[in-house]
Amino acid sequence: EEIAKPKNPRANPHYFEAIQAMVARKTKMLMLYGETDALRYDFWNEMYEPIIQKNEAYKRLCDVHLLAGCNHLFTLREWQRQALDLAGKWLPAV
């Protein structure tokens with residue numbers, strides 16, 4: 001199944017292509033986004049809501065988490081710790 005190219009010019013079309021390729025290979029993915037990350041909104045509007053939430057293959061393979069208050073760079077140690085904790089719990093389950 002072909003997914004649409006991102007509409008927002010700042011979005012990286014290769015990122016969307018990579019997600020599609022990983023789903024085709026049945027590869028599980030952990031996606032961590034900062035709640036206040038501007039790119040998170042693009043992902044949410046163009047990938048998460050229209051595709052991941054509605055397509056069972058994507059929903060099954062894409063584990064998406066928002067870190068409250070977090071920015072794009074995960075600059076606070078608290079956000080870094082949260083990301084590492086999520087990844088540490090996710091990896092053994094894969």
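A polar contact is taken here as a pair of N or O atoms within 3.5 Å; within protein, one must be able to donate a hydrogen and the other to accept it, and residues adjacent in sequence count only if both atoms are side-chain atoms. The model is predicted, so local features need pLDDT of at least 70 and side-chain atom pairs count only at pLDDT 80 or more, while totals for chains, interfaces and linings use all residues. Residues are numbered from 1 along each chain as its sequence is written, and side-chain values use heavy atoms, leaving out hydrogens and water.

Asparagine 55 sits in the loop between helix 2 (38–52) and helix 3 (56–61), helices being DSSP runs of H or I with at least four residues, numbered from the N terminus. Its side chain reaches the backbone nitrogen of alanine 57 at 2.9 Å. Asparagine 55 is buried, with a relative accessible area of 15%; buried means under 20%, exposed over 50% and partly exposed in between (1.4 Å probe, protein chains only).

Helix 4 (residues 77–93) offers a second view of burial. Trp79, Ala83 and Trp90 are buried in this helix. Seen down the axis of helix 4, its buried residues fall within an arc of 40 degrees, so they line one face of the helix; the arc is that of the directions from the helix axis to the C-beta atoms. The face turned away from the buried side of helix 4 carries the exposed residues Arg77, Leu84, Lys89 and Pro92.

Conventions: Helix = DSSP H or I, 4+ residues; strand = E, 2+ residues; numbered from the N terminus.
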